[in-house]
Amino acid sequence: MTAETAVGVARQFTSRTCQFTGLRVDVAAQNLIKANAVAAVVFLAIGGLMGLLVALTRWPAVHLLPAEWFYLVLTGHGANVLLFWIIFFEMAVLIFASTILLNARMVMPKLAWFAFILMVVGAVLGNVAVLQGESSVMFTSYPPMMAKPHFYLALILFAVGALIVVGQFFANLIVAKEEGAFQGSMPLVTFGALTAAIIAVWTILSGAAILIPTLMWSMGWLSDVDPLVYKVVWWGMGHASQQINVSAHVSLWYLVGALLLGAKPLSEKVSRTAFFLYILFLQLASAHHLLAEPGLSASWKIVNTSYMMYLAVLGSMIHGLTVPGSWEAAQRRNGYDKGMFEWLRKAPWGNPAFSGTFLSLVMFGFIGGISGVVLGTEQLNVLMHNTLYVPGHFHGTVVTGTTLAFMAATYLVLPLIFQREIIWPKLAKIQPYLFGIGAAGISLFMMGAGTLGVARRHWDITFSDAELNFAHSAGAFLMMGLNGVFAVIAALGGIIYVLVVVGTVLWGKKITSGHKLTFPLHAGGAAAASQYGSHATVKLPGTIVLIAIFFVSFVLYYFINWKYLSELWLFR
Amino acid sequence: MAIAPPEQRIWWREPIERVELTWIVIAFLWALFMFFFMIAWHFIGQQNLSPEAYRILPSAYEQKVEEFAKKYQVREEKGVPVVRPPAGSDVYMLGRLWQWWPILELEQGQSYRFHLSSIDWQHGFSLQPTNINLQVHPGYEHVITLTPTETGQFGIVCNEFCGIGHHTMTGKIYVTQKKAETAPRVAQKEERR
């Protein structure tokens, strides 16, 4: 303990030096990353399977599950993939960014193991509660609908565990700085992870503020929970937590660019400011879920839903340029300088870490980003509130964006952290494409169905058991069928991912010194790192074209929806 | 590199590349435009959600809707009263497990003060195929001035999950031409199909 408290004295810790990056890897941190990554994949497998069952039930021609099971499985799908898979993986990212990337050690690894166990207990208990069948309240659990107490307790335990790890992330940073593990400012990827961690604190506290009273209500200790207050506070957790995902996966975009292409941020100032905008404004997004509610004023809605004049959206639009821009600059330095797009054509498309990251970047922007702004526009929301457009949008952000980025990063975690060579490289190569195409399909077709009025979380769009019948258009049925087809494609990609991860961890060839990776990193290595990247004056014609396409699509789609709105009945 | 500390320790003194600056300016202007367009729509648009709402006990709201339905009921459809309130008056609808009640018959081009609340759980009022979607809370009476612009038969679906019968929760609104008789209304209904 004495060495630990003494300022400027580095404490000894068991570590190895990575032969590919030259980074010093704390073995305690490495084991924690492994544990969290494995837990993440387990819950992805469970939640992904549930997602497939949901999609097959909503495919009118298949209509797989009975209603009761459908609502149960849908509740489980949300909890397993949106919470457990993503947050376990983010714990691994936080530990990685605050230790290995800084050549630093994990502070109090035993506490992190305790937190891990707490999170596993929470996640398992949550699944038990859902599978028992009396907590089919959906991921959002809006009162006055009530789940069993252990459903809420499970979420609280999981969140407490996550909060502990977030605390350790801050501790790691402080100790690393004090012990002189790194010089100067922290790397950009760690800065992005810090953004995620800061938003996580806000998120988890919001969650506690609403889930603890809700648990007490479920126990019978409180007489009621106001449904509108619940939504305001719950979405302080529910939406802000999606911004943790954004910060985390944008950090990984930068990480993959650095490791695979030798990319350097065009300007540290711009990229970091973009992250900082997330911290300043993202927590306002609770309002996205309250635009169709009674009793909230228009000015409150406008200021909050737009993150105060869209300043957080601005952050994402900046990353949308700086990430591919830094890749283009790096590729041009790598010698692919011909024409507008040689840098992109000659990118390592066969490396799943790159292809997954690239697809994540493009689809997060085009599908998740644009639809999010439209959905979050005060008046336009009435067109899609609670329709399938909403899950369409967030599958664009959380599946094509976050999940695909995490999958891509896994192809670096396996060789570099687990030190196992990726088994079945041919399957690994096609995995991001399969999963990406499938996920893009479900996002787009759900958005299409939502635009045609199909409700989310709904077992039967033929309304065959309803007293007053109603029939959706043929187009809506077509969209739901296509959604089912693409869900199967995405599921194939998901299954391959799980197989490759499990196979590699169990049977992958152990990586020893002098090993050549199947999917190599950028040859420059760490030495060239800080010099490599952009020219003194940056010329990025390819990125400019991509950004222009994005911007035009954004503007057009935005106005198309105002056109739709203007055709509705009048209301004020 | 993004995984190494920045070359310049004081990174906020770095110059910004021109391409970045241009994009930031364009993106920022677009952000401002989108922000002010929401405000502008309150002046130029005809679709703005009313913030008018009142706290009310679910039982009190239920009573109000029942009185309203009794007063203006014109017929019955599958056990649900069809209510034709005077043009321009206050009209009421409630959501409950699992129906929208009662059925309304409105006139095209007339403005109604449309009251909406739930008497049990949260519901999602989704008027189809028009696609107007509103959240309905118990304990909050939402009042919207609503003007139907097209005639025909419209379905109301519930799009907030409300338990095992959620997918059977439907309702109906008929919109007739101004001062129209019964006959043309039926004709239009056929036409819509």
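In chain B, the loop between β8 (123-128) and β9 (132-136) contains B:Pro129. This is a predicted model, and in it the peptide bond joining B:Gln128 and B:Pro129 is cis, with omega about 0°. The loop between β8 and β9 of chain B also holds B:Asn131. The phi angle of B:Asn131 is near 70°, a positive value in a residue other than glycine. B:Asn131 has 23 other C-beta atoms within 10 Å, and because 20 or more count as buried, B:Asn131 is buried.

A further cis peptide bond in chain B runs from B:Leu97 to B:Trp98, with omega near -10°. B:Trp98 belongs to the loop between β4 (90-96) and β5 (99-101) of chain B.

Chain A also provides a residue with positive phi. A:Asn103, a residue other than glycine, has phi near 55°. Its position is the loop between α3 (67-98) and α4 of chain A. Around A:Asn103 there are 19 other C-beta atoms within 10 Å; the range between 12 and 20 counts as partly exposed, so A:Asn103 is partly exposed.

The backbone values are collected below.

| Site | Backbone angle | Location |
|---|---|---|
| B:Leu97 to B:Trp98 | omega near -10° | B:Trp98 in the loop between β4 and β5 of chain B |
| B:Gln128 and B:Pro129 | omega about 0° | B:Pro129 in the loop between β8 and β9 of chain B |
| A:Asn103 | phi near 55° | loop between α3 and α4 of chain A |
| B:Asn131 | phi near 70° | loop between β8 and β9 of chain B |

The overall form of chain A comes next. Chain A comprises 18 helices and three strands. Its radius of gyration is 23 Å, close to the 25 Å that the globule rule gives for 572 residues, so chain A is as compact as a globular protein of that length. The C-alpha trace of chain A spans about 70 × 60 × 50 Å along its principal axes. Buried residues make up 60% of the 572 residues of chain A. Among contacts in chain A with a separation of 6 or more, 85% are between residues 24 or more positions apart.

One helix pair within chain A can be described in detail. Helix α2 (residues 27-58) of chain A packs with helix α4 (residues 109-132) of chain A at an angle of about 5°, and their axes are 10 Å apart. Because angles under 35 degrees count as roughly parallel, α2(A) is roughly parallel to α4(A). From α2(A), the residues A:Ala28, A:Leu32, A:Ala35, A:Asn36, A:Ala39 and A:Phe43 meet A:Pro109, A:Ala112, A:Phe116, A:Val120 and A:Ala123 of α4(A). By class, the residues of this contact are 10 nonpolar, one polar and no charged.

The two chains also meet one another. Chain A contributes 90 residues to the contact and chain B contributes 74 residues. On the side of chain A that touches chain B, the largest share, 10 residues, comes from helix α11 (residues 307-333) of chain A. That side of chain A divides into 56 nonpolar, 21 polar and 13 charged residues. Strand pairing also crosses between the chains: strand β3 (residues 570-571) of chain A and strand β10 (residues 140-147) of chain B run antiparallel and are joined by two bridges. A:Phe571 has B:Leu146 as its bridge partner in β10(B).

Note on methods. Residues numbered from 1 in each chain as written. Chains lettered and ligands numbered in written order. Predicted model: local features only at pLDDT ≥ 70, side-chain atom pairs only at ≥ 80, totals over all residues. Axes fitted to C-alpha atoms, helices over the stretch in contact; angles between N-to-C directions. Helix = DSSP H or I, 4+ residues; strand = E, 2+ residues; numbered from the N terminus. Parallel < 35°, antiparallel > 145°, perpendicular 65-115°, else oblique. Contact = placed C-beta atoms within 7 Å. Nonpolar A, V, L, I, M, F, W, Y, C, P; charged D, E, K, R; others polar. Pairing = 2+ DSSP bridges. Rg over C-alpha atoms; globule rule 2.2 N^0.38 Å.
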